[in-house]
Amino acid sequence: MTPEKQQSTTQKAVINAVFASAGFTSVDLPIIQTAEPFLDLSGEDIRRRIYVFSDPYGEELCLRPDLTIPACLHYLEATGAKGGERRYAYEGLAFRCQVPGSARPNEFSQSGIELMGQKDDKDSGAKADAEVFGLTLEACRKAGLVGFEAKMGDLGLFAAFIEALDIPEHWRARLRNSFWQPSRFGGLLKGLTERQKKPEGVAAVLGKLDEASALETVSGLLDIAGLDSVPGRSIESVTRRLMEKARDAASEPLSPGIITSIEDYLKISGAPREALKRVRKLAGVHGIAIDEALEVAETRARLIEEVAGDAPVIFATEFGRSFEYYTGFVFELTDKGEQIAGGGRYDDLLLRLGAPERVPAVGAMIRNDRLVAVLAGQKGAKQ
Amino acid sequence: MSDTLILALPSKGRLMEAAEEYFLEAGLKIQRHGGMRRYQGAIKGIDGVEVRFLSAGEIASGLINGDIHLGITGRDLLHEKTHEPDACVAPLSALNFGHADVIVAVPEAWLDVETMADLVEVAAEIRQESGRLLRVATKFINITRSFFAQHGLVDYRIVESLGATEGAPAAGTADAIVDITSSGATLTANHLKILQDGVVLNSEAFLCGSLGARWGEGSLDRAKDILGRLAARERARSMIEVRLETQAAGVDQVKDIIAASGGELASATGSKGGDQELVLHVQKAAFHDLAASLREAGCRTVTARELEFIYGANNPLFAALELEREQAAARGN
């Protein structure tokens, strides 16, 4: 065994022991997965980043790009409709396609934990978040990591912030849906401050009707046009969007005050509890009611500052916006800008994968290859 | 195999006919070995050229990977087969046939959807309401991916379609399509409409040169010959030969008028009575205005006739190929 390999094996054992001591049991997850759930959750574009292939019988398969979705599928199979709390630990390879010439590896080892199905209340959530964060930190420290940085965010807090704004629901939906694409989000904010273009034809009329008459009008229109169905959608949804367009044109644009509050919110970054104080103040000034989400964030921040000890932790409102499938707490540990570990809360994922109801879940993974490299660098620096 | 020039032409349909016509007009008769069913041929009277009859898609791939030297294919296919067609294929001449647009279309019954921004919202709505993704039928997988990415549309799945894409929404196998259309008639027949900003690219047939092919002295010579003829024919098609007589005293004024119209003087000969006969080539579109100006300036007869070929001092199609090959070589270093 090469020294690196030896080092890596020892490191994985140390990490696994930390996870095991907290009651996380090792699960063996298949490397080859059905491609469908990955494509359904992430969209077509993920094909550029994962290895998808077909077996001779035409089924589309892929090499797992991460171990969270396989762990979720394992949970669904193990618990059936009963649900209940499970603590899984895993260690294994994940595979990502890289652009030609990239220095990034296309296979790399991850050690991780997933805590699924804990009680669905805010205290349990904050505690589970802090526990997963704390275990990740402890595992990295026991493996020998020093001098890293931790960053965290809360996508649930942003969702609550948008929810509390006094704007039409479909504008909220637009903001929520584009949040993870910063440039589109910026464009959308700007667009909403301008008066929407006047609808033409049918939309102009629909704005003045109630829902039932609008629906009748649209059905009539489709009839006249000889269109007997709305492929892939419903007449209701077409009507609703037409009415929204008509109302958008008639209503006042988004006020500059609301835009400023969103922009100011997204600028907040600092030590967790101090940053959340600023969020609370901002919400107060603009009359945005997000107390419940803030309390969760504050409880979590307190617990995390405790477990972090002297490790520097930054809370940034904007952090995590481009991560897939996370819904609440998100975090990462970095060394010189490179992610060593990361994770977060994904309360919708199990439901989307077929669970009968929402299953709260939070998890994290450590990039073993990067940790080995950083530890080797630390050692080199000492000698 | 020696240094044969490989020329690929579409193997069937309108595109095949138009391509063979394009060569024939330049005096290059394409011959199929062993009749219509065979897929190899030659150009009558020119040695060292192998003609291959392939599908337009295969021609695009062949140009990209360097299996063929010259070929006729659509811009849509080049973009589908590689992210960077400009890096490996030199488009030499737009051929003015095979016009078609690659477009995004949705069911006409989606009265609320007019733009890509609407489609992005509807995709999110479908995902939230029914937990599935917007399904898009297409055979242009790469073109679709990059166009949708530009518009921030991510909540979708591609349903690969190998034929009759426009029927997919009515059949319930897809919600929207990305497809090629020339007249839009098939879309209307299938109750589909093109989004306002849903024209992904305008395609037409192009004569292309491969930058990655092995170009030897022999294949370059053949290409120079063939491209020279095609260019001379293309030039002749766009220009007209004009002859006029003018009095010697007015020659300078007449020459100024000719220069202003963009015309090129081909010859000037003195003739009886001090008159001069001038022969020039001018763009067809500029001819009638030029004739009017010349008559005003006192030219007695102005005649014009079509030409078969105009060989100029340079060989523009071959020069374009050489330039692109040089640039590709510079990029490679």
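Helices here are DSSP runs of H or I at least four residues long, and strands are E runs of at least two, numbered from the N terminus. With that in hand, Asp175(B) is easy to place: this residue sits in the loop between helix 7 and strand 10 of chain B. The model is a predicted one, and the loop is a handy way into it. A residue is buried if 20 or more other C-beta atoms lie within 10 Å of its own. Asp175(B) has 26 C-beta neighbours inside 10 Å, so this residue counts as buried. Setting aside neighbours within four places in sequence, the contacts of Asp175(B) are Leu134(B), Arg135(B) and Pro169(B), plus Pro231(A) and Gly232(A) from the other chain. Asn96(B) is another story: 79 residues from Asp175(B) in sequence, with a C-alpha to C-alpha distance of 33 Å.

Two of those contacts, Leu134(B) and Arg135(B), lead to strand 8 of chain B, residues 134-138. Five of the five residues in strand 8 are buried, so this strand is largely enclosed by the rest of the structure. What about the two faces? In a regular strand, side chains alternate between the two faces of the sheet. Here Leu134(B), Val136(B) and Thr138(B) point one way, while Arg135(B) and Ala137(B) point the other, and all are buried.

Strand 8 of chain B has partners in strand 9 and strand 10. Pairing with strand 9 of chain B (residues 156-160) is parallel and runs over five bridges, with Arg157(B) in strand 9 as the bridge partner of Arg135(B). Strand 10 of chain B (residues 176-181) also runs parallel to strand 8, and three bridges join the two. On that side, Val136(B) stands opposite Ala176(B).

Between strand 8 and strand 9 comes helix 6 of chain B (residues 141-150), and the three elements make a right-handed β-α-β unit. The buried residues in helix 6 of chain B include Ile143(B), Thr144(B), Arg145(B), Phe147(B) and Phe148(B). Their cover includes strand 8, strand 9 and strand 10 of chain B, along with helix 3 (75-81), strand 7 (100-107) and strand 11 (192-203) of chain B. After helix 6 of chain B comes Gly152(B), with a positive phi near 70°.

Next, the contact between the chains. Chain B puts in 25 residues and chain A 27. On the side of chain B that touches chain A, the elements giving two or more residues are helix 5 (116-130), helix 6, strand 9 and helix 7 (168-171) of chain B. Helix 5 of chain B gives the most, with four residues. By class, this side of chain B comes out at 13 nonpolar, four polar and eight charged residues.

At the domain level, the assignment splits chain B into domain 1 (5-96 + 204-214), domain 2 (100-202) and domain 3 (236-305). Domain 1 and domain 2 of chain B have C-alpha centres 30 Å apart. Five residues of domain 1 of chain B are in contact with six residues of domain 2 of chain B. The domain 1 side of this contact has no nonpolar residues, just two polar and three charged.

For chain A, the assignment gives domain 1 (3-29 + 64-162 + 263-382) and domain 2 (202-250). The C-alpha centres of these domains of chain A lie 44 Å apart. Chain A has 15 helices and twelve strands, and the C-alpha atoms of this chain fill a box of roughly 75 × 60 × 45 Å along the principal axes. Of the 383 residues in chain A, 36% are buried. Among contacts in chain A with a separation of 6 or more, 71% link residues 24 or more positions apart.

Finally, the nonpolar cores. In soluble globular proteins, nonpolar side chains tend to be buried together. The largest nonpolar core has 78 residues, and Ile113(A), Cys140(A) and Ile340(A) touch the most other members. Helix 4 of chain A (residues 122-143) gives the most to this core, with ten residues. Beyond the neighbours within four places in sequence, the contacts of Ile340(A) include Cys140(A), Leu145(A), Phe148(A), Ile366(A), Leu371(A) and Val374(A), with Arg367(A) and Arg370(A) also among them. Apart from the largest core lies another core, of 46 residues, including Ala205(B), Leu211(B), Leu317(B) and Leu321(B).

Note on methods: Residues numbered from 1 in each chain as written. Chains lettered and ligands numbered in written order. Predicted model: local features only at pLDDT ≥ 70, side-chain atom pairs only at ≥ 80, totals over all residues. Domains from an automatic or database assignment. Buried ≥ 20, exposed ≤ 12 C-beta atoms within 10 Å, placed from the backbone. Pairing = 2+ DSSP bridges. Right-handed = clockwise from strand over helix to strand, strands pointing away. Contact = placed C-beta atoms within 7 Å. Nonpolar A, V, L, I, M, F, W, Y, C, P; charged D, E, K, R; others polar. Core = buried A, V, L, I, M, F, W, Y, C linked by C-beta atoms within 7 Å.
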